[in-house]
Amino acid sequence: MQVHIFWGDRAELDRRGFGRVCQVPCFFDEQWGFMREPSTYLIERFVGNWAPQRPSGGDSARMLTQQSIKVYAECISNFLEWTFYRNHCWSQVEFGEHVLGGYRRDMLSGDWSSRKTPLAPRTVNLRVQEACNFLAWAAEVGLRRPFTSDAVVPRQGDAHRVSRQPWESLSRRRRGKVAVAQTILRLPTDAELRRWLTSVRIERGQTKALMAELILKSAVRRQEAAAWRVDTLPARTDDWHVVNQQVRVTLKFGTKGSEYGEDHGDKVGPARDIWIPLSLANQLHAYRTGPRMAARARWVRAALDPSERRARIARDCPHLFLSDATGQRITAQSLYHAWTSVSGVPFLGWSPHSGRRYWACKTLVELARKRSELLPGGRTGVQLDWIAGNAMTDIQLIVRPQLGHVDVRTTEIYLTWLTRMFVGGDVQLAYAEHLEELCGEESHD
């Protein structure tokens with residue numbers, strides 16, 4: 001049985017007094033019968049009336065973003081479809097026998113996969129966790145018998161502490177998580193990057209190539225690049241805040257985190273200041289005053305009816321990046337397709353998110369290289385603890401504010417990669433030289 005995720009008309013829902021939840025989808029079965037329980041669950045999650053417990057105890061109730069609720073809806077629909085497929089009633093399933101022994105097993109074996117191939121551990125863990133959240137909520141509101149998926153375990157990092165009470169050093173963890181292999185950073189060489197950017201420029205257009213450069217040189221997310229406004233970079237160069245050949249700009253559209261409304265199809269999120277190279281700022285300014293205006297005019301001329309052309313001229317268009325071919329806004333999905341589908345992709349898995357990590361690694365290498373050159377022994381005198389200690393500071397003061405968020409696991413990945421650059425011999429250092437080359441030739445990418 002297919003479960004439909006239905007997104008209602010926001011304006012109509014708001015007019016009827018449901019504005020608070022107009023962004024939340026609901027579920028229908030294949031006969032278009034309303035599925036009340038999972039639909040209510042999504043509403044409770046979205047408005048913060050219910051949330052799963054944190055691993056250390058307590059709940060994590062907060063209003064969710066529309067992207068989060070979309071992911072949760074897809075997970076719940078997938079789980080409900082599986083229960084129909086296996087002839088189970090969701091209100092009767094149990095954690096060990098059905099969720100782990102059935103749902104998780106089928107995803108790992110590929111039996112519950114559109115391509116009939118095993119799903120990635122992260123995907124499996126996300127879907128299982130959300131299925132458990134839904135079933136735990138249903139138990140709490142009396143729609144089924146009690147449901148638990150937790151095990152009480154020692155709190156990580158607390159083994160050395162003496163607690164007054166036994167339970168103070170305990171936390172709850174969901175049982176049966178699939179182990180996720182540690183990420184090993186793979187970044188393109190300078191030659192590979194140039195070849196790929198040339199492919200994007202030729203096959204997908206100058207504007208998408210410029211957006212790719214924006215990600216590589218500032219570490220913005222693809223949603224933030226697609227939501228970049230005409231005035232994100234001040235229109236007058238005299239108003240630019242320039243420090244050491246870097247220009248400060250403020251992002252608030254498409255940013256990750258809490259949601260404060262919507263503007264021209266973009267989520268309004270928490271504002272954060274980032275720095276972009278002055279050379280890139282000049283590129284964006286030149287695009288804004290040249291190719292963008294031509295793309296906008298192309299879109300206006302595409303209207304055959306004179307009244308439609310006048311309407312297009314009057315229509316507000318705040319987004320900076322417009323398609324070279326159609327003059328319409330370039331979406332985050334279109335940018336992702338351009339990034340990953342051209343002939344010169346350096347390796348499988350190269351994505352806009354990889355571009356953010358590229359910027360972080362390039363920045364850390366450059367800072368570490370400058371410091372090492374000040375040491376009496378140069379690079380040969382570099383100690384691992386010295387590299388790691390300084391890199392931790394760089395991550396907290398420079399990388400984290402620019403990226404918006406760097407979790408503990410990502411920090412460890414960066415530190416491991418950076419130390420390999422400096423202790424792996426000339427072969428590893430050759431890659432650092434590639435990154436340094438790019439730093440000095442940004443305006444010629």
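Reader: What makes the 17 Å reach of helix 9 close to what is expected for its 12 residues?

Author: In this predicted model, helix 9 runs over residues 278–289 and spans 17 Å from its first C-alpha to its last, which is close to the 16 Å expected at 1.5 Å a residue. That expectation is 1.5 Å times one less than the number of residues.

Reader: Which residues of helix 9 are buried, and what covers them?

Author: Leu278, Leu280, Ala281, Leu284, Tyr287 and Arg288 are the buried ones, and their cover includes helix 7 (206–218), strand 5 (241–243), strand 6 (246–253), strand 8 (266–277) and helix 10 (291–301).

Reader: Why is Thr83 called buried or exposed?

Author: Thr83, a residue of helix 3 (residues 66–85), has a relative accessible area of 1%, and because buried means under 20%, Thr83 is called buried. Leaving aside residues up to four places away in sequence, Thr83 touches His88 and Trp90.

Reader: How do you know which helix supplies the largest share of the lining of the second largest cavity?

Author: The structure holds two cavities of 30 Å³ or more, and the second largest has about 30 Å³ of space. Its lining is formed by Leu364, Ala368, Arg371, Trp386, Ile387, Asn390, Ala391, Asp394 and Leu418. Helix 13 (352–373) and helix 14 (384–403) each supply at least two of the lining residues, and the largest share, five residues, comes from helix 14.

Reader: How many residues of each class are in that lining?

Author: Sorted by class, the lining of the second largest cavity has six nonpolar, one polar and two charged residues.

Conventions:
Residues are numbered from 1 along each chain as its sequence is written. This is a predicted model: local features need pLDDT of at least 70, side-chain atom pairs count only at pLDDT 80 or more; totals for chains, interfaces and linings use all residues. Side-chain values use heavy atoms; hydrogens and water are left out. On a 1 Å grid over the protein atoms alone, a cavity is a set of points where a 1.4 Å probe fits but cannot get out, and a pocket is an open set with protein on both sides within 12 Å along at least five of seven lines; lining residues have an atom within 4 Å of a point. Grid points are joined across faces, edges and corners, and a volume is the space filled by probe spheres set on the points. Helices (H or I, at least four residues) and strands (E, at least two) are DSSP runs, numbered from the N terminus. Ala, Val, Leu, Ile, Met, Phe, Trp, Tyr, Cys and Pro count as nonpolar, Asp, Glu, Lys and Arg as charged, and the others, Gly among them, as polar. Buried means under 20% relative accessible area, exposed over 50%, partly exposed in between (1.4 Å probe, protein chains only). Contact means heavy atoms within 4.5 Å.
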